[in-house]
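Here's a walk through one protein model, taken a few residues at a time. Keep the structure open and follow along.

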Amino acid sequence: EELVAKSIAPVKKQFLCPPPITSVVKEKKSKRQLKRERQQAVKSAVGICPEVAKRGDVSRCPYNDKCRFSHDIEAYKAQKPEDIEGDCPFCPYGLACRFLGSHKRRSSEMNGLSKDVQKLLWKNKVKFPKADAKLKALGLESRPSKKPRDRSLKLHPREKKLIDFREKLYLAPLTTVGNLPFRRVCKGLGADITCGEMAMCTNLLQGQASEWALLRRHSSEDLFGVQICGAYPDTVARTVELVNQECTVDFIDINMGCPIDIVVNKGAGSALLTKPMRMKGIVQAASGTVDCPITIKVRTAYFEGKNRIDSLIADMGNWGASAVTIHGRSRQQRYSKLADWEYVYQCARKAPDALPVLGNGDIFSYLDWNKHQAECLELSTCMIARGALVKPWIFTEIKEQRHWDISSGERLNILKDYVRLGLEHWGSDTKGVETTRRFLLEWLSYTCRYVPVGLLEVIPQRLSWRPPAYFGRDDLETLMASDSAADWVRISEMLLGKVPDGFTFAPKHKSNSYDRAENG
């Protein structure tokens, strides 16, 4: 009870061990230094021309001597890292493939941005007739204004295609770790609904390939949405029109709860909670532009103790929202303290019957899920976020109504599946292997927080508990419990081979409780 009161996981005494000695964190390289190293790598034999690598023929490069990549095939072969054992999952990489000799050409991904549309976006020549017509009808400012208008009869929000969220397992959109390979892993473990990572509207409208990559969808994602974030009605309306035109999605979610400073300072995310009329304009403009269902995700408020969603929830359906997800924390709280589920219930009861309300926050076991579903029948379902990052098999636990005392071998198999799907998604050449490694390491910075069921004095583990230093039931389980980045790298080497010389890693997302991660 004393440990639980201090938010420390109550691990059985026989598994406890002294905390590891913290080593010195290596100095992080500046962005300028990293950019310089990337440019040097492109000019060296490491950066072989993709067309030359694919065909094995120097003459196939359309740029010839003007190409910024190397055309020296023999020099590339001499320094190419050792191939990885296994079959190539998907390969358009030719000589650059790290699984050379077992090439396959197949892909089940969709929602890519065509080069033609990207070039038009770069030149600001894409027309948005539906969005501009709706903005004009609502009397909202359009920046810049467009002449074409669409006079076709639009569907009333109540006539839109409805999505049945009730009691479905919804994997939340998760920045960085919630990528396509991770979502495929979660689908295999029981998730029903998946959603892409949050994409910024302005970046999508500028045709940034890295932002459009966040909208990619796999054919196994049978109920899939994308999440966008914008500060103004015209920006959001044009984005939903473009996404609806270029992508295959079941719904579009508008983020109005992101607490990150860089988003809030632009007037987007949770900053919108302080501007209800702006929120209304965004939802009306978006839902009036496309027939695709528009959902929104919010927090309880901007400032702690000043909840305001309950005063808006009754109108959100009239604005055109097809569903609302409420994260039970304010922007000021970020991820501290526990989610306020009583307030989420209050909002769900105030919402009109036609507006599904979803809850979000701190779900980490099937008992948490059952509790929220039983205590508020008006709640359609619950969204699972950080709980899925720490243990993606939470979806299996909920469906099978049990605490899964998963073994280290079973956890390693899940990581193997992720790596296989990552190589299929990011590529099997050296760049694809290292991209997969980076995202695997980001995920391992979360999975190390899991404490196996068989080691706990009290079940289930809570998301707010901090694991003490402990020994696992075998060496692999002990390794997986480490919060040292050096041990995460060791796990990645078991799956992807040795890391390149000079490799370092520090996770992007460090919570206050887990700021000890070091390279070792």
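Let's start with a pair of side chains: Arg 183 and Glu 221 meet in a salt bridge, with 2.6 Å from N to O. Arg 183 sits in helix 7, while Glu 221 is in the loop between strand 5 (217–218) and strand 6 (224–229), so this pair ties together parts that are 38 residues apart in sequence. Both Arg 183 and Glu 221 are buried.

Stay around strand 5 for the next pair. The side chains of Asp 250 and Arg 217 also form a salt bridge, at 2.9 Å from N to O. Asp 250 belongs to the loop between helix 10 (233–246) and strand 7 (251–256), and Arg 217 to strand 5, so here the parts tied together are 33 residues apart in sequence. How accessible is Arg 217? Its relative accessibility is 7%, and because buried means under 20%, Arg 217 counts as buried. Asp 250 has a relative accessible area of 13%, so Asp 250 is buried as well.

Now a salt bridge in another setting. Arg 349 and Glu 378 meet through their side chains at 3.7 Å, N to O. You'll find Arg 349 in helix 14 (residues 341–350) and Glu 378 in the loop between helix 15 and strand 11 (379–384), so the pair links parts that lie 29 residues apart in sequence. Are these two buried or partly exposed? Arg 349 has 44% relative accessibility, so it counts as partly exposed. Glu 378, at 40%, is partly exposed too. There's also a network to look at: Arg 329, Asp 362 and Arg 386 are joined by salt bridges that share partners. Across the whole structure, a search turns up 23 salt bridges.

Asp 362 deserves a second look for its backbone. Its phi is near 70 degrees, a positive value in a residue other than glycine. Asp 362 lies in the loop between strand 10 (357–360) and helix 15 (366–375). With a relative accessible area of 18%, Asp 362 is buried.

Where else does a residue that is not a glycine have a positive phi? Go to Thr 176, where phi is about 70 degrees. Thr 176 is in the loop between strand 2 (170–171) and helix 7 (180–188), and helix 7 is also where Arg 183 lies. Thr 176 is buried, at a relative accessible area of 7%.

While we're on backbone geometry, check the peptide bond from Ile 459 to Pro 460: it is cis, with omega near 0 degrees. Pro 460 is part of the loop between helix 19 (430–447) and helix 20 (475–480).

Which residues does Leu 415 contact, once its neighbours within four places in sequence are set aside? Leu 415 is in helix 18 (residues 408–426), and its contacts are Leu 440, Trp 443, Leu 444, Met 480, Ile 491 and Leu 495. Take one of these, Leu 444: its C-alpha atom is separated by 9.3 Å from that of Leu 415, although the two residues are 29 apart along the chain. Leu 415 counts as buried, with a relative accessibility of 5%.

For a look at the surface, turn to Lys 115, Lys 119, Lys 123 and Lys 125, which form a positive surface patch. One of them, Lys 119, is found in helix 5 (residues 115–122). At 44% relative accessibility, Lys 119 counts as partly exposed.

Finally, zoom out to the whole protein, and keep in mind that this is a predicted model. There are 21 helices and 11 strands. Of the 520 residues, 54% count as buried. The accessible surface comes to about 24600 Å², and carbon and sulfur atoms account for 50% of that. How much of the contact pattern links residues 24 or more positions apart? Of the contacts with a separation of 6 or more, 71% are between residues at least 24 positions apart. The Arg 183 and Glu 221 pair we began with, tying together parts 38 residues apart in sequence, is a good place to return to with that view in mind.

Technical notes. Residues numbered from 1 in each chain as written. Predicted model: local features only at pLDDT ≥ 70, side-chain atom pairs only at ≥ 80, totals over all residues. Heavy atoms only, no water. Patch = residues over 30% accessible without salt bridge, like charges linked within 9 Å, V, L, I, M, F, W, Y side chains within 5 Å. Areas by Shrake-Rupley, 256 points an atom, 1.4 Å probe, with all protein chains shown as cover. Salt bridge = Lys/Arg side-chain N within 4 Å of Asp/Glu carboxyl O. Lys, Arg positive; Asp, Glu negative; His and termini not counted. Charge placed at Lys NZ, Arg CZ, Asp CG, Glu CD. Helix = DSSP H or I, 4+ residues; strand = E, 2+ residues; numbered from the N terminus. Buried < 20%, exposed > 50% of the residue type's maximum accessible area, 1.4 Å probe, protein only. Contact = heavy atoms within 4.5 Å.
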